[in-house]
Structure formats: structure tokens, C-alpha cells
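Work through the exercises below with the sequence and the structure open beside you. Try each task before you read its solution.

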Amino acid sequence: MEGLVYTALFAPLAGSLFAALFGMRPKTLLTGVVTSLLLLVSFIASTALLWHVMHVGPVHVKLMDWIVAGDMSIPFGFNVDQVTAVMMTVVTLVSTVVHIYSNGYMEHDKGFNRFFSYLSAFVFSMLVLVMSDNFLGLFIGWEGVGVCSWLLIGFWYHKPDVTRDENPSISPSWAANEAFIMNRIADLGMLIGIFLIYWNVGSLQYDAVFAAVPHLSHALLVAIGVFLFIGAMGKSAQFPLHTWLADAMEGPTPVSALIHAATMVTAGVYLVIRAHPLYSAVPGVGYFVAVVGTFVAIFAASMALVNRDLKRIIAYSTLSQLGYMFAAAGLGAYWVALFHLAAHAFFKALLFLGAGNVMHAMHDELDIFKMGGLKKVMKWTYIYMGVASLALAGIWPFAGFYSKDTILEVAFNEHTYGIWFVLWLTAGLTAFYSFRLVFLAFWSDERYKCYGFHPHEVQRYVLWAMFPLGLLAVIFGWYKEEFVDFVTGLLPAYEVSEHTHHMLPILVTVTLAIAIGGIVVAYVMYHKRLKRSEKVEASLPYRILYNQYYIPILYEKVFAKPYAELSDIAWKEIDLQVVDATVDGIAKVVEESGDATRRMQSGNLSDYLKWMAGGAIALAILAVIVVANG
Amino acid sequence: METFAFYLFSILIAGLFLVTVLSRNVLYAMTSLAAGMVLISGLFFILGADFLGVVQLIVYVGAVMALYAFGMMFFDATGVVKERNTPALLVFLLGGLSAVMLVVIFAAPAIGSHVTPSFRTPQGVDNPHAVGLVLFTKYLVPFEVAAVMLLVAMIAGIILAGKKMDTSLSKISDGEESQAAGKEER
Amino acid sequence: MIGLSHYLILAAILFAIGIVGVIRRKNLLMLFFATEIMLNAANIAFAAISSYTGDLGGQMFAFFIIAVAASEVAVGLGLLILIYRKYGTLDLDNFTMLKG
Amino acid sequence: MENILSVLIFFPLVAALLGFLVKPQSIRAYGITVAAIEFVLTLWLWMSFDASDGGFQFIEFFPLVSSFGINYYLGVDGISLFIVVMTALMTLLGIVTLGEVKKLKNMIISLLFLEVAMVGVFVSLDAIVFYLFWEFSLVPMLYIIGYWGGEKRLYAAIKFFLYTFAGSLIMLVGMLYVAYVYHEVTGNWSFSLTDWYALVLPISVQKWLFWAFFLGFAIKVPMFPFHTWLPYAHGQAPTIGSVILAAVLLKMGTYGFVRFSLPMFPDASVAYILPVGVIAIIMIIYTAMVAYAQKDMKQVVAYSSISHMGVIVLGTFAMNPEGIAGSVFLMLSHGIVSGALFLLVGVIYDRRHTKLMSEFGGLAAVMPKYALIFGIMLMASVGLPLTIGFVGEYLSLAGFFKVSPVMTALGGFSVILGAVYMLSLYKKSFFGPVTKEENKVLPDLNGRELAALVPLAAIVVWLGVYPKPVLGPIDTSVKALVQFMDTKAQTPEAKRVIHVSKSTKEAK
């Protein structure tokens, strides 16, 4: 089994290094093909591991020691258990699809080889993240995906900075830096969590840490839980560290599909699921996690309602769905969170790839107000996106229905009706903005003609590559029972109470009703043509939502600008004017006293004799004083 | 009698030296200096240091003063130097202060009573005899060194005074050229 | 009765007179005179201490001081003559080559 | 080769003296050969080093002034070994990358002299010999900055010299006092470190001596507020000067803390954790902010050095094996990374004769190899896992966490702020459109530059992924050090704070 583990893990790395060899050369199809094949290998190995875990049991391998100092001993150890196997399969599947898709999408890009190198490196980092058997190994992957995300968001680094009005993300390189730095803020929290664990447990291995949980004090567990969650908040873009995700849409669309929808952003959820023994021990923190998640769910959904940018809408929906996952994980229903994570990965990746097709067809135009009626020219894309949107909206029998519905059941079952209500409401909003997008892009009047676009369907193999995702977006939910059986081998089984069980039909109906309601509203509003009302667009709530609650501007005003100004003050006012000036001042005192005493050196012997006499007298006085004092 | 002699000598010496220091005329200064030296030898005789008194007379009054007198022949003895006087206040401040300090130090009981002899005067011999005994036993090496020093000083004095009028020392040591140049000038 | 202190104070006063000369005069020759005064003051002190303590060391010292003074005069006068020949003056205010 | 350490010191010395005889046109080859041989010798030292022994090895002892206990006393342990290796490596690579400079011969001879001094500092176990090398290292550096530097080179060189010199004089007074105390206690004079270690000083004496040594080291490190010589020195020094300065000379200060302050004054070190920690945190945050405000690439790297040195100081004062081992490792990694960054800045300076970030932009498109290596070094500088920068930073912070979680959290801002200034540097210079006409035709790295930078990049990744060959010996020596401190500590507070690792306890 060791071979399989290493194959799954290192195949993407090999692909990345291979592509890197060609990184500075013009496009060679070879790199795309080789990396995609290696990803396929990794996927097959992951599936085999999934089967192995299902039928034999978890696999644990140790490659070598990494950091050994003092009592700290951190190996490169990899553990494939139920959760990891699921994550690996999801990651490698989506990655493989995205790789194949990128062969078409990046066809005309100068950085083709570079792109595949980064993309495969990302998959490797993500696999390290999910497979590691200790917290620091997870942190390697954590930072690794961060860097790859930085590289990929800033992939089109040559674009210049523009104002926020022109492009809310300013520029790819700006967005990349924002993402990296935001994640770093969270990483500090995570590091502190890791330090806390180390000094209180003495190890960072998952099994040792979780075995020690019952012996740790409550306050300590709370602290660890909170700090780890801060780390998760950064990577999963939870409020208040959420702004980078929408800006990250500056990256190529396959990147958005893979990193900023299906895999990397779910790392935070994975962390909470992975650390479930810890969070189970402190329900208070779990509840906090759930509240944050719920808040983000509706918060992000509200921003998606009015946005006109195709990718940003999907990004907000990702944010919103991450909120759902955190809500589930926080309430203790870890397998539900994982289930939604997997389902979401499939349909959200599909949605993004579909969006990529649209962009490709529309020459990188993202404004859905400039689209419309695309279903005629892009039939398959329309079908894929429709399926994905239905899944996202949680319509039976698509995957999203099963997962999201379960989350609502959990919220209801925990008697956290507030959370339930907000999530329920969000489900309606989700359905509305998803279908607002679909109707505006694919139905309604063909506005693109006014702008002189000539949309066309993408290559056939690209469409075929998307097929597995499309299929899974439909059928994944049907395997809920099997999934539960499998992952509860590791995660606690979550059973709803008798009362909730009775309520289930009503709950399902209510949820479905609001989802369908959302779709209907979208249909009514947008299916014919785009109606824009200046009055609405000028209203305060609309502007607040459209400007993302003015949070990016707020951050700029409250953090970025003052920091830059403070830095300038620190340099020019403090460092140069105070610290350095003091040093130079001391030097100047010496210099000037020397200059002053230089006059003694008149060259006149007579003067010297006078000084000498004065000195002798001074010494004599000193001698007398010394003697007189004993 | 001794007291009287001491005070007489003291006052005279101090007065003569003051003349030396304050006089505008170099010739007066030298004369009063020589007179002061003679009186100092008187003090030595009072102290019983006969040999030292004699040496004082011979060396200072005889040799040194003669040397000065001859030296002065090279200069324009009267008023070669128009001295710009140092501010009197500074002079008397420094001079007075140093006097006060020295007096304080020397008058302090610490000095007079704490000095103990490390080399006793031989008993039963007169002073020149005793000096001879000490000088040629304990101080033999310094004595010889002093002799060499005097020889060196004599040679140095001869050479320095015998220099050509218009060439500097350093130029001579520079080598043949400057010497030749010096000769031409002459 | 005249004690050691009397001599020492006399020596101190003479020394101070020497200092006054050193400070006041700008004529190099006068500086030499003043130096002689100071040396003689020291000699008086040595001789007095020698006499009052019965130790010949002091007289020896005075003796050597006289030897040194003689040497100093010999060499010093030679130098003075050289300076006078070179610059035509003995005024200290004219020699400021060491000015820093 | 029992006297390998003497060879390491005297080989470059002799080679430097012989260098005066070498013809100017062959001096480059000569310099590279000498530095390469020296580097191979240090590798040999590493290979024959016994990693399981935490004490001093390859000891050489030869009395110089026996009546005052001054001896030619050399030895290495795991702490100094790798700094010596790094010194030789950075000197070699520095000479390899030397471009066309005036008076190349003088430059190379100065570098060899500098190497003598640097190796000497790290291998000497006698305070006087240590001090001689310590001060001697200033001279070639003064010459390098003062002769090959930029416009204000004289100001920078003199400031560098006088500032560090003033600090080390105070340190010298401290050393003399220790020797005096040693004499008072034992009746013998000795300047041997091992003798000094055995000397148990009263707490009050320790406190004074701690600050005397602290001042000397702190100026060298340089710690806030004694850091202002560094930006000038870096700003004016030629590339090679900055590389050596950042890579090795600064480490002399932190090395001093580990070698002198900790084992000699354990109680005082523990007592002053708070002020030292606060200074270190100010260094980390404040200089990171100043770095962000800079307009000159080299100044950013220079201030970032100070910021990282703050983390090293934190790790040193963690008083547990994790932190100290981390700080020693970070010394190495910072040496390699900042050295490489200065080399990289030098590369662009050679081409454009400016270091202002506003002059660049879009370099990634014009010079992809350059951008790649710069990117690797940047990631190492911000402490990305699997690069060399992470291991040390992580361990240092982890170690200090045991002492004070709050201060560690503040010190951890280096993780964030480091990313802020480095990424903004990268964005300003490498990303965006190519705006300046002259930037469009910049040649990418040439063979000579690659020859220096690729090994560094390889080391950055290698030691990031597999730090054990280096971290192992460091760890062994550091454990021995900490245990020694624990036995020597007198105050209950020191006993409490100094944390001996479990494995050491079990071994006992």
C-alpha cells in the first residue's frame, strides 16, 4: 500500500517538476498531456486507496524525519484514513478534470507550461495537506497551497494595477498578494495553535494529540480550538478574512474552479473535521464556528444577489457554501460537512468550468449583463451549468439537495433554530442568484450581439472532460448511505433525534419550497430580458451589497493605508530623525568638542606652558583633595 | 643666627628671582639670576651640604651663567624681544594658585614628619667626604652616566652652536645638494 | 627655629616664581632662566630634606639635577642660537608651526 | 588533519598574502581556487565531525601568553561548525559572482582576509583570540565599503567601523572583568572559554557583565536601537560586501549570545528575557514596517535582515533546545537567504545601476530565471515550509512560545509583515507591465551568476526538506548547552525557565 500512497502523492509533484523544466520555453502540448496523465495516475491510486481503506483499513506510512530538535520530532508521515481517502479522491478527481480542461482553456496562453507546473504543484501541496499525519505536515501543505494560489492568482502578472472602480480586484498581482497576506494573518493564528498543542501535548501527531484531549484543561482546548479555527478562517475565507476570495477570481478560471472552489478553500473545513475530537470536546467553540459559518453563508449570498461579474457571483456562492460546511462541522455533524464538501467540490468546479467556457466564448467578458441567450450557441455548457446550479440550489435529486438538506436538519436537530432559519433563508437566496446567473447568461435577450461578441462552444474533449463532474453533481447524493457508512468509520456518526425525524418531511418540503421559490423569482425577473431599474441600483442597500459592504475599501482605509503611512513615519520620522539622529548626534558631540579643544593646540609654546601649569595645578588640587579625604 | 640667615637669604633670593622674572631687560634678569644662585649656595651651606654648595657655585654661577653670558653675545642682548605680555591676571592667578597649592602641599604635616632616611649620612666624617663615599658606591653608575651625558651635551652644544648661520639642521641631513646650496648662498 | 617646612615653603615659593616666569615671558631665553629658577627651587627642597632627615640621597639628587641643568643649558643654548639664526627672533609668539 | 582548524584559518591568510604576488589578470581564478579549497576543507570538517558529541571537537591548544592565560585555543561544536561552513560557502560564491570591479586584486585579497577573520571568530575558544578576530574582521570590511561603495561610502564605512568598534570595546572591558574575576577566584589568569564556563559568577556580577557583552553583540546583530549603521553599510557597500555582511558578520553577534551570554550568565540571561524579548519584538515589527516603506530594493532586504535577526534573538533567549537550535539554524538559513537576496539585488544593479523599485516592473517577463530564483529566495525569506527559512523561524518561535506566548504572538508578526514587504517588493519589481524601455532588453542571468545562485537555491530547498544533517549536530550541541545552563543556574527563576529536553533528562 505504501507504493500507492507515494504514487498518489508524488505523481503530481513529478508532473509539476516536469512541466517546470519547460517553464521558460514556448508552449509544448507535452507538458499539459504529461501532467494530466500523472494526475490521472494519482487519481487512480487515490481511488485504489479509497477501496483499500474501505475494505482493509487505514494506511500509515512514514517517509522520513523532517524537523528533529529538542523534544520536537516531526516526520514526513502520511496517514490515509476514511476522511483523507475521501479528500484525496475528490481532490485528484477534480484536479484531473481541471488539468484536462486547462489543455483547452489555456491553449493560446504564453505561460502554458508554467501554468501546468503551478497547477500540479498545487495538487501536490493539497495532497500533503490532507494526507499528513501531523499538524505541521498539514501546515506544509497549508502554506504550499497558499503559495501555489499566489502564483496562480497572479498568473497574468503582467496586467497593470487599475482603480477599484474599474476592476474591484485592482490587478492579478494585487489580488495574489492580498490572498497571500490574508492567509498569512490566519497562519499566525494557526501557528500559535500548533505551539499550544506542542507545549501541552509534546507532540504534533494527530493520534497523540487527540489521545491527549481528555487530559487537557477546558480553557486550553478552547484556546487551541479558537487558534486553529483562525487558521481555518483564513484559508476558507471566512469573515473577516473573506475579501481575498472574490479578488482571487483574477486568476485563470480553471484555477478558480480547482483552488478557489473545490479544494483549497475547503482546507479550513477539512481542518475542523480532522480535529473533530478536539472540537467535540469544546462545544462552545463549535457553536462559535457554526455561527461564523452561518453568518458568512448569508453574508456572502447577499453580495452575490446583485453582482454582475460571472466569476464573482460563483465565488460568493462558494463563500456561502463554505459557511454551510462550517455550520455543519461546528454543530458536530462532521460527516455532513465532509459530505457537503465533496458534493460542493463537484458541482462548484463544474459551475466554474462552465463559467470558463462562457468566458472563453465571450473573450474574457465577465459581465452577465452583457450576455444572454447563450443557450443556443453553447448548449452543453448550458446543460452543465444548469445541472450545477440545480445542485447548488439544492433541488432534488441533485447532489446539493442531499448535502444541504442534511445540514439544515442538523441545525434544526440541535435546536439552534436561528442558525436553521438563516441557513434556510440562504438556501432561497442561493437558488435565486444561481438562477439569476443562469437566466441572464443563457436565457433572455441576446445582449451580447450589441457588444459584438461571437460566442462559440468550446472543444469537444473539454466538454467530455467535464462530464465526470456533471455526472457526480447529479448522482453523488444518491450514495449518501454508503458515504455515511464509510466515513463514520472515523468520524462520529450523527443521528438526528426522534422528534426531528418526524419533522423531516416538513423540513424537506420547506427547504425545497424556498429553493424552488428562489428559482421562480429569478425566472420571473430575468428569463425574458434584463430589466434594469436605476432607482434600485442607486438605492443604498444595493450599493452596499454591490460594493461588498464597503469592506475592501474599509480594509484599505483602516489597515493598508495607515500601515503604509505608519511605515513611512517609522522610517522617515523615527528611524532617520530619532534613532539615527541620536547616533549621529553623539558622534557630533565628540567631533565638536574635539573641534573646540583644537584651539588649545595654538602652536604657541607659551600657551602650552600655561595649559601645563593649569594642569599641574589641577592635579595638585586633586592630590590635596584626595589626601584630605583620607 | 641661623634663623636670621635663612630669612635674609630667602627674602633676597625671592626678590632677586622676581627681578629675573619680571625684568624687561635680559641683562638685568641674568645678573639677578646669577646673584640668586650665589645666595642659594648660601642656603646649602646653612643646611650643611657643603659639597653641594660648592658645586652650586662652580657649576651654576661659574659655568652656566658664563655660558648664558656667552650665549647672549650671539643675540642682541638688550631688547631683542618686544614681549607681548600675557594678561597679568592670568599670570598671577596661575602663579599664585600654584604657589598656594605647593605651599599647602609642602606645609602639610604629612611631608615633614613622614620622611624617613633610606640612606643614612655616614657619621663622623665631614660632608664632602660623605658625599664622596656615597657617590662612588651607591650612585656610581648614575654618576658615570651623568658624566657621559655631560660629554654628550658638550659635543651637542659645540655642534649646534657651530652650525652654519643660514642652514637648518634638517637641510644638512638631507644630503649633498642642500649643503652645496648652502655653500653657494654663503 | 627653622624647620624643614620653612625650606620647603621657600622652595615652593621659588618654584611658583619660576612658573610665573614660564607663563609670563615670551622670550625663549627668559624661559630658560625661569626653568633654572624652578630647578634651583627643587634643589633647595632636596637639600633641605636631605639635611633634616640625615639621608644623603637628597643631596645626590640635587647633584644630578645640577648636572642635568648644565647639560640642558649647553644643548638648549645651542638650539637657541640656531633658532635665532634661522628666524632672527626669540619671541615665542612667532613660532606656531605646531598649530592644529 | 588534527589541526584542521588552524589550516582553515591560516590557509586563506597565507593565500591572501601570496595573492599580492599574483598577476592581476589571473587573480579571479586564484581567488576562486583558494575559496573553493577552503570550502572543501570546511566540508571535510563537517564530514569528520562527530555528530553525536555535543562538546567541542578538533581542539587545538597552544599557549601564547601563559602568564596571563592567553592561549591559541580552537575548537568547534555543532553550533559553530555550520556557520564556518556557511562562511566558506558564501565567500566562495561571493567571489564567483564578482563582476568587473576596479582593483579586483585588492577586493579578492580583502575577501580572503575577511574570511580568515570570520572563520577565526567562529572557531576560537579563547576570549582574546576571539576578540582579535572579531575586531580584525572590521578592517577588510571597512576597506570594502570605503573603497568600492556608493556615493556616501566613507560615511557608511566609518559609521560601520566606529559603531561596532565602540560596542566591542565595551565587550572587551567585560571580558577583562571576567578574566579578573577568574583570577580572583582561582588565582590563575585564563581567557579560555571552557574555563570561564566553569566559573560560577554571583548574580549581581552576571547582570553587569551581561549588559557589557550584550552591547557588543547587540550592535553587531544589530538590535534596535543600535541598528542604524546597517542600512547605510548595506546601502553603500558593493554587492559582495553586503552579502558577507548580512550572511556572516551579523551572525557574529547572535553567535556571541549563544557562545558567551547564555552559558556564562544563565541567570542574568533569564532575568533579562523580558527586556531582550521586547527589543527583539520591536526589531521584528518596527524594522519590518520600515522595510515596507523603503523605495530601494537593497534597503528592503537590509531592513528585512534586521527583522529576521529579531527572530533569531527571540529563539536564542527561548532557553530551551527547540528555540536555541532554531535560532542557530535560522542564522544559517538567514545567511544563505539574505546573502542570496543581496546577490540578486546586485545582479539587477549591475545591469541597470539602480536599485529603486520604481525603476522596474514586469521583470518576470524579461528575466524569468532571475524572477524564479528571486521567488524561491523570497519564499524562503518569508518562511515558507519546505524552504530553509521555515525550519529556523518555526523552531525559534516555538521555543520562545514556552517562555511567553504573548510575546511570541507579537514576534510572529514577522510571518505576516515579512510577507507584506517582500511581496510588495516582488510585485513592484517583477509584476505588472514592463514600463521602462531599458528594462525590455535586460539580459537574464548569465552563467557566472547562475553558478552562484543555483547552488544556493538548491541548498534552500534541500535543507528545507531535509534539515537533519545540519539540525542534528546543532541539536546535540544545543541540548548539551541547555543542560549545562540548567546545572549552572542559581536562581529558582532560571531553573524554572531553562527547559532541558526530555531526551536529555532520560539520558541522564
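The exercises that follow concern a predicted model, and each solution goes step by step.

**Exercise 1. Describe chain A as a whole: its helices and strands, its extent and its buried share.**

Begin with the secondary structure, where chain A has 25 helices and two strands. Next take the extent of the chain: along its principal axes, the C-alpha trace of chain A spans about 110 × 65 × 50 Å. Then turn to burial, for which 56% of the 630 residues of chain A count as buried. Finally, consider the contacts in chain A between residues at least 6 apart in sequence, of which 81% join residues at least 24 apart.

**Exercise 2. Compare the end-to-end reach of helix H6 of chain A with its expected span, and decide how far the helix is enclosed.**

Start from the length of helix H6, residues 172-201 of chain A, which has 30 residues and should therefore span 44 Å at 1.5 Å a residue. The C-alpha atoms at its ends are 42 Å apart, which agrees with that expectation. For the second part, 28 of the 30 residues of H6(A) are buried, so the helix is largely enclosed by the rest of the structure. Just after H6(A) comes Gly202(A), with a positive phi of about 90°.

**Exercise 3. Repeat the analysis for helix H18 of chain A.**

Helix H18 covers residues 417-442 of chain A and has 26 residues. From its first C-alpha to its last it reaches 37 Å, close to the 38 Å expected at 1.5 Å a residue. As to burial, 21 of the 26 residues of H18(A) are buried, so this helix is largely enclosed by the rest of the structure. Just after H18(A), Ser444(A) has a positive phi of about 50°.

**Exercise 4. Work out how helices H10 and H14 of chain A are oriented, and which residues meet.**

Two packed helices are described by the angle between their axes and the distance between the axes. Here helix H10 (residues 253-262) and helix H14 (residues 310-330) of chain A pack at an angle of about 10°, and their axes are 11 Å apart. Angles under 35 degrees count as roughly parallel, so H10(A) and H14(A) are roughly parallel to each other. On the side of H10(A), the residues Thr253(A), Ser256(A), His260(A) and Ala261(A) meet Lys311(A), Ala315(A) and Thr318(A) in H14(A). Sorted by class, this contact has two nonpolar, four polar and one charged residues.

**Exercise 5. Do the same for helices H5 and H7 of chain D.**

The axes of helix H5 (residues 127-136) and helix H7 (residues 153-186) of chain D come within 11 Å and cross at roughly 175°. Angles over 145 degrees count as roughly antiparallel, which makes H5(D) roughly antiparallel to H7(D). Ala127(D), Tyr131(D), Trp134(D) and Glu135(D) of H5(D) make the contact with Ser168(D), Leu172(D) and Met175(D) of H7(D). By class, the residues of this contact divide into five nonpolar, one polar and one charged.

**Exercise 6. Which pair of chains has the most contacts, and which pairs have none?**

Of the four pairs of chains that touch, chains B and C have the most contacts between them. That contact takes 76 residues from chain B and 67 residues from chain C, and the residues on the side of chain B divide into 54 nonpolar, 16 polar and six charged. Chain C also touches chain A, with 12 residues of chain C in contact with 10 residues of chain A. By contrast, no contact joins chains B and D, whose closest C-alpha atoms lie 33 Å apart, and none joins chains C and D, where the closest C-alpha atoms lie 22 Å apart.

Conventions
Residues are numbered from 1 along each chain as its sequence is written. Chains are lettered from A and ligands numbered from 1 in the order in which they are written. This is a predicted model: local features need pLDDT of at least 70, side-chain atom pairs count only at pLDDT 80 or more; totals for chains, interfaces and linings use all residues. Axes are lines fitted to C-alpha atoms, for helices over the stretch in contact, and angles run from 0 to 180 degrees between N-to-C directions. Helices (H or I, at least four residues) and strands (E, at least two) are DSSP runs, numbered from the N terminus. Angles under 35 degrees count as roughly parallel, over 145 as roughly antiparallel, 65 to 115 as roughly perpendicular and the rest as oblique. Two residues are in contact if their C-beta atoms, placed from the backbone, lie within 7 Å. Ala, Val, Leu, Ile, Met, Phe, Trp, Tyr, Cys and Pro count as nonpolar, Asp, Glu, Lys and Arg as charged, and the others, Gly among them, as polar. A residue is buried if 20 or more other C-beta atoms lie within 10 Å of its own, exposed if 12 or fewer, and partly exposed in between; C-beta atoms are placed from the backbone. The expected span of a helix is 1.5 Å times one less than its number of residues.
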